[in-house]
Amino acid sequence: MNTISDIPVLFFPFSRPLYARQTFDAIKKVKPKKFYFYCDKASEGKDEEIKNNNIIRNYIKEIDWECDLKTWFRDENIGVYQSILDAIDWFFEHEEMGIILEEDCVPSMAFFDFCLQLLPKYKNDYRVWYIGGNNLIEEYTPNTYDYYFTFFAYQWGWATWANRWKKIIRTGFDVEKIIEYKLYDQLYASKRGAKRAYKFLKKEKNENGLWKPMSWDYIFNMTMRMNGGFGIAPRINLVTNIGVFGTNSKGINKLTHNRKIPSNSNYPIQNHPPFIVPDFRYNQIFIKKILLKENIFINRLFVIVNKFLNFDKK
């Protein structure tokens, strides 16, 4: 890969053109030479969702640059859980690495440059599982490194490799083994954070003692951590999540959403971390300022989403 347009890109919007338009316009600036456009079908009987879904599918008419375009527009709705898993599976059936963007994750041009430099660099280092575009604690600047290794690099605009994605455990995670091994005590630099994590696992385990996350990123991240892996976070925020509750929302939105992104088109990396290990201090601050503050809200959100989308029947 020589330029940012050489990085394969997967885009999977659904039914929020207000958000999807901004992300798609950012992709258009890059003009990826390999572009994967996936879209689940709108739910039957939901007129507004159907209308918006069709608006987004018509974005394909705007692809006026030369590229290897692959599309997968489903002719039936399968639900967000399986849909996203299928989309990323499809992407990595064809590519060995690439960038993944949801409809509400708007990347800066600098994010593509960031990935251009790091995807080849860590391609064969299986400790590194993904390159995140988010930094939610930009005030953390104890050194001159241009990125950090961390267990907590959000995947709202991210890049990874096919051989990492294909390792994900889809059958569920043994809750008692996780607790017995004290996995979160080793990952979290916080007894409080670990205690909440174990409590969540116990609450969510099924009759077989397994935790089957409702979210692809939970599946990916748990698999990663169980294999001793971690992600990369940039020194400054490079992708902004504009979705979930909109620009005027409260609570979690203030902590994690609508973050500023740079206007410059490149991200020059001059100082690489000297050691490939998670930054303990970054993890501590992230847990304290982000995870512990959003934890209660997230748990409630998953309960609501689970009931609304009826995940158990998917």
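**Entry 1: ground rule and first look**

I'm counting two strands as paired if DSSP finds at least two bridges between them. I note up front that this is a predicted model. I started with the confidence: the chain averages a pLDDT of 88, and 89% of the residues score at least 70. Over residues 245–251 the pLDDT drops below 50, and this stretch makes 8 contacts in the model beyond its near neighbours in sequence. Residues 295–314 are also below 50, with 25 contacts beyond near neighbours in sequence. Where pLDDT is low, the predicted coordinates should not be read in detail. I'm leaving both stretches alone.

Then I pulled the overall counts. The secondary structure comes to 11 helices and 12 strands. Of the 314 residues, 54% count as buried. I also looked at how far apart in sequence the contacting residues sit: among contacts between residues at least 6 apart, 81% join residues at least 24 apart.

**Entry 2: the sheet**

In what order do the strands of the open sheet lie? I read off β3-β2-β1-β4-β8-β6-β11-β7, which is 8 strands with mixed pairing. The edges are β3 (68–73) and β7 (147–150); each has a single partner strand, so one side of each is left without a neighbour in the sheet. Ignoring direction, I get an average turn of 20° between neighbouring strands of this sheet.

**Entry 3: β1 and the strands beside it**

I went to β1 (9–12) next. Both of its faces are covered: Val9 and Phe11 on one side, Leu10 and Phe12 on the other, and all of them are buried. The pairing of β1 with β2 is parallel, over 3 bridges. Within that pairing, I found Phe11 bridged to Phe37 of β2. The chain gets from β1 to β2 through α1, and I logged this β-α-β crossover as right-handed.

With β4, strand β1 again runs parallel, this time over 4 bridges. Here I noted Phe12 with Glu102 in β4 as its bridge partner.

Where does helix α1 (residues 17–30) lie? I see α1 across β1, β2 and β4 (97–102), running at about 165° to β1.

**Entry 4: out to the β3 edge**

Strand β2 (residues 34–39) runs parallel to β3, joined by 6 bridges. I picked out two positions along this pairing. Lys34 stands opposite Asp68 in β3, and Tyr38 has Trp72 in β3 as its bridge partner. I also checked the connection: β2, helix α2 (residues 47–57) and β3 make a right-handed β-α-β unit.

**Entry 5: helix α9**

I moved on to α9 (residues 216–226), which lies across β4, β6 (128–132), β8 (158–161) and β11 (230–234) and runs at about 140° to β6. Is α9 largely enclosed or largely open? 9 of its 11 residues are buried, so the helix is largely enclosed by the rest of the structure. I listed the buried ones: Trp216, Asp217, Ile219, Phe220, Asn221, Met222, Thr223, Met224 and Arg225. Just after the helix, I found Gly228 with a positive phi of about 75°.

**Entry 6: two loop residues**

Asp104 first: I placed it in the loop between β4 and β5 (105–107). Why does Asp104 count as buried? The cut-off I use is under 20% relative accessible area, and Asp104 counts as buried because its value is 6%. Which side chain does the side chain of Asp104 join in a polar contact? I found Arg16, at 2.8 Å.

Then Gly157, in the loop between β7 and β8. Gly157 is buried too, because its relative accessible area is 2%. I checked what Gly157 touches, not counting residues up to four places away in sequence: Ile100, Leu101, Cys105, Phe111, Gly132, Gly133, Asn134 and Val239. Two of these, Ile100 and Leu101, fall within the range of β4, and Gly132 falls within that of β6. I also took one C-alpha separation from here: Gly157 and Ile131 are 26 residues apart along the chain, and their C-alpha atoms are 8.9 Å apart.

Conventions. Residues numbered from 1 in each chain as written. Predicted model: local features only at pLDDT ≥ 70, side-chain atom pairs only at ≥ 80, totals over all residues. Heavy atoms only, no water. pLDDT = per-residue confidence, 0-100. Contact = heavy atoms within 4.5 Å. Axes fitted to C-alpha atoms, helices over the stretch in contact; angles between N-to-C directions. Buried < 20%, exposed > 50% of the residue type's maximum accessible area, 1.4 Å probe, protein only. Right-handed = clockwise from strand over helix to strand, strands pointing away. Polar contact = N/O pair within 3.5 Å; in protein donor to acceptor, adjacent residues only side chain to side chain.
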